[in-house]
Amino acid sequence: MAEATKLFNQAEPPDDARRRAEWLRQEINKHNYYYYVLDSPIISDAEYDRLLRELMDLEQKYPRLVTPDSPTQRVGAEPQAQFRTHDHTEPMLSLANAFSEEELRAFISRACRMLKIPETEQLEYVCEPKIDGLAVSLTYVDGIFTVGATRGDGYKGEDITANLRTVKSIPLNLNRTWELAEKSERKFPIPTFIEVRGEVFLEHEEFRRINEDRSEKGEPTFANPRNAAAGSVRQLDPSVTSRRNLDMFAYAVGYVEGVTLDSQYELLEALRFWRFKTNPEIRLCSGVDSVWEFCREFDARRQALTYDVDGVVVKINSRRYQEALGSVSRSPRWAIAYKYAPTQAITIIRDIVVQVGRTGALTPVAIMEPVEVGGVIVSRATLHNEDEIKRKDVRIGDTVVIQRAGEVIPEVVEVVKDKRDGDEVEFQMPSNCPVCGADTERAPGEAVTRCIGIACPAQLAQRIYHFASRGAMDIEHVGPALVEQLLNAGLVHDPADLYYLTLDQLMSLDRMGEKSASNALAAIEQSKEAPLPRLIYALGIRHVGERTAQVLAEHFGTLDKLRNATEEELSAVMDVGPVVAASIARFFVQEETKMVMEKLRKAGVKPKEVTRPAKEEAVLGGKKLVFTGELQTLTRDEAEALVHELGGTASSSVSKNTDFVVAGERAGSKLAKANELGVKVITEEEFLRMVGK
Ligand SMILES: [Zn+2]
């Protein structure tokens with residue numbers, strides 16, 4: 001023991017540091033609760049950040065102070081290869097549904113009959129909004145959050161602990177020293193073991209933000225907040241989940257030890273006391289009539305909520321009655337989900353038009369006879385893509401059923417085929433962009449058709465910003481805000497126009513002084529000599545990322561040779577498949593492309609030609625490296641680019657063919673794998689020395 005203490009003496013934090021860390025954890029958790037659960041912060045964001053920063057610094061200095069429930073542990077876990085299975089302590093049953101008042105009343109009559117109590121008795125029921133999200137289970141041992149899991153089939157779910165840790169309204173520790181300032185509440189002991197259940201969901205605003213972000217990156221968007229929440233919870237990389245701002249309402253308890261809860265309402269009180277977020281709309285009702293009244297009244301109110309609610313869960317309040325009723329065929333007999341009918345309407349499609357998004361994606365949109373759905377007049381519905389239209393066989397002139405769920409734009413559910421008179425017209429996806437006239441393309445295996453025009457006004461902001469971005473022409477001072485200003489002022493119509501900007505033009509923009517204007521001009525001028533791979537990447541050819549641009553530059557050497565290459569010649573390049581080859585060839589034959597290329601040449605854009613060091617001479621010639629953990633001096637992208645530049649390859653998984661694993665801070669599973677396979681592990685410092693930095 002004395003030996004062990006001596007061994008770790010250096011890392012042993014002094015008492016005052018330990019006390020300070022404990023105080024900081026409590027304080028941060030408290031403010032977290034005020035911010036994310038009560039939605040009424042009592043300190044500024046800056047003060048909150050200062051507390052968090054101080055805790056991070058302390059933990060860095062004394063790593064022994066890091067506890068699993070520390071607020072610093074919400075992010076930072078390594079991506080996983082797959083989820084582990086989690087066995088639920090008690091099965092997570094699903095609820096029976098009621099779709100009408102009759103079905104709801106029948107459920108209650110049946111329960112009363114089984115309990116042998118007269119139906120006229122005013123039994124207590126808890127009515128809870130049914131959140132359209134994803135059910136999860138959270139296990140706490142001695143108050144500490146240990147495992148989080150999906151519902152799965154009710155018996156086995158997936159272990160998504162690292163992802164659920166990132167959800168700020170989920171407490172990491174139920175033991176706390178702070179009380180709410182203004183509320184006197186009933187106290188509950190901290191259970192020695194408890195499994196809490198809740199619904200993870202996304203607010204509408206966050207759903208929109210995620211979809212905007214995805215469509216800007218050219219990724220498919222989520223159909224509704226529920227899908228987005230499910231997709232976020234089941235991310236293998238917790239850092240993606242942490243950026244999604246998920247939320248959770250707790251509403252049930254599975255297995256519990258160390259505390260007795262006599263009713264559903266008391267259970268909710270206890271969850272609140274343990275600092276879970278519970279839904280503020282929950283009501284305790286007495287008798288079946290008041291339950292039905294709540295369901296009806298809430299239907300009108302739910303439209304104004306910031307999240308999707310698709311029904312009301314009605315639970316018999318008394319725990320004693322719940323136990324007496326038990327469950328049958330995987331559903332409890334003491335609870336039912338009353339589901340609201342989706343808001344649908346019937347109308348006629350007058351036309352199908354095509355919208356071009358910022359990434360060039362063509363979306364067919366139905367223009368309809370205006371009709372009221374769920375209190376809103378709508379005249380447009382999305383048809384998603386070509387395949388959707390074919391699958392539903394939607395034609396211009398068709399009578400259709402449309403549906404609006406929550407915040408989502410209305411969609412066509414089905415065609416009323418009886419109403420067809422033969423005059424309906426089938427829709428054709430245009431082969432030219434309706435905005436700029438360039439060719440459209442639909443890559444094999446993709447559902448989306450895109451415009452490939454380099455000067456397409458619909459995509460201009462995105463294209464110019466991409467052109468100037470890091471990894472592309474890397475033009476400092478030309479960011480999204482300036483690009484937006486330039487477009488609004490009509491100063492640029494394609495990426496090449498950047499090279500024709502004058503000082504006067506730039507200075508005519510709002511908030512643009514002479515200094516920033518000349519900085520931007522200098523950066524633009526400097527980019528004329530960017531290396532060839534960066535220019536190729538900057539052109540924004542579909543399927544040509546940084547890696548492919550590098551390969552193409554090395555193979556062809558000059559831009560002209562690449563431009564004049566045939567599809568066959570392109571296909572022959574290593575790592576360039578037929579889809580990519582076709583995409584490149586089509587890009588360069590477009591009139592707009594030729595025009596922009598000519599403008600670039602005239603402006604004096606002359607990329608540096610590429611000469612690649614012979615493999616054996618290169619420092620990392622033929623070597624395979626894997627990076628893991630957080631690097632201190634380089635970003636992951638920079639490090640990987642460096643490896644490539646020096647003749648090596650950077651891969652994302654460790655195998656016995658890996659030459660080196662570079663382990664940064666908090667390296668996880670890949671480091672373990674490397675040790676297991678006997679792969680050489682080096683530090684970031686050793687890596688930098690190796691490459692002569
Ligand atoms: Zn276009």
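# A guided tour of the predicted model

Begin by selecting arginine 275 and tyrosine 33: the charged end of arginine 275 sits over the ring of tyrosine 33, 5.1 Å from its centre. A charge counts as sitting over a ring if NZ of Lys or CZ of Arg is within 6 Å of the ring centre and within 35 degrees of the ring normal. The model is predicted, so local features need pLDDT of at least 70 and side-chain atom pairs count only at pLDDT 80 or more, while totals for chains, interfaces and linings use all residues. Residues are numbered from 1 along each chain as its sequence is written, and side-chain values use heavy atoms, with hydrogens and water left out.

Keep arginine 275 selected and add phenylalanine 273; arginine 275 lies over the face of this ring, at 5.8 Å from the ring centre. Next, add Tyr34 and Trp178, which ring pairs link with Tyr33 into a cluster. Rings of Phe, Tyr and Trp (its six-membered ring) pair if their centres lie within 6.5 Å; planes under 30 degrees apart count as stacked, over 60 as edge-to-face and the rest as tilted. By this rule there are 17 aromatic pairs.

Select phenylalanine 201 and phenylalanine 249 for a stacked pair, 5.0 Å centre to centre with 15 degrees between the planes. Phenylalanine 201 belongs to strand β7 and phenylalanine 249 to strand β8 (residues 247-257), so the pair ties together parts that are 48 residues apart in sequence. Helices (H or I, at least four residues) and strands (E, at least two) are DSSP runs, numbered from the N terminus. Phenylalanine 201 is buried, with a relative accessible area of 2%, and phenylalanine 249 is buried at 5%. Buried means under 20% relative accessible area, exposed over 50%, and partly exposed in between (1.4 Å probe, protein chains only).

Move to helix α10 (residues 288-301), which holds phenylalanine 294 and phenylalanine 298, four residues apart, about one turn of the helix. Their ring centres are 5.4 Å apart and their planes at 10 degrees, so the pair is stacked. Both phenylalanine 294 and phenylalanine 298 are buried.

Now select strand β4 (residues 134-141). Seven of its eight residues are buried, so β4 is largely enclosed by the rest of the structure. Strand β7 (residues 193-201) pairs with β4 in the antiparallel sense over eight bridges; two strands pair if DSSP finds at least two bridges between them. Within this pairing, leucine 134 stands opposite valine 200. Six bridges also join β4 to the antiparallel strand β5 (residues 144-150). β4 and β5 form a hairpin with two residues between them, and aspartate 142 in the turn has a positive phi of about 50 degrees.

Display next the open sheet of five strands, in the order β2-β13-β10-β3-β9 with mixed pairing. Its edge strands are β2 (96-98) and β9 (283-286), each pairing on one side only. Inside this sheet, five bridges join β10 (residues 309-316) to β13 (residues 335-339), which run antiparallel; valine 313 has alanine 337 as its bridge partner.

Finish at the open sheet of four strands, ordered β24-β23-β25-β26 with parallel pairing. The edge strands here are β24 (649-651) and β26 (680-683), each pairing on one side only. Strands β23 (residues 624-628) and β25 (residues 660-663) pair over four bridges, and threonine 628 stands opposite alanine 663.
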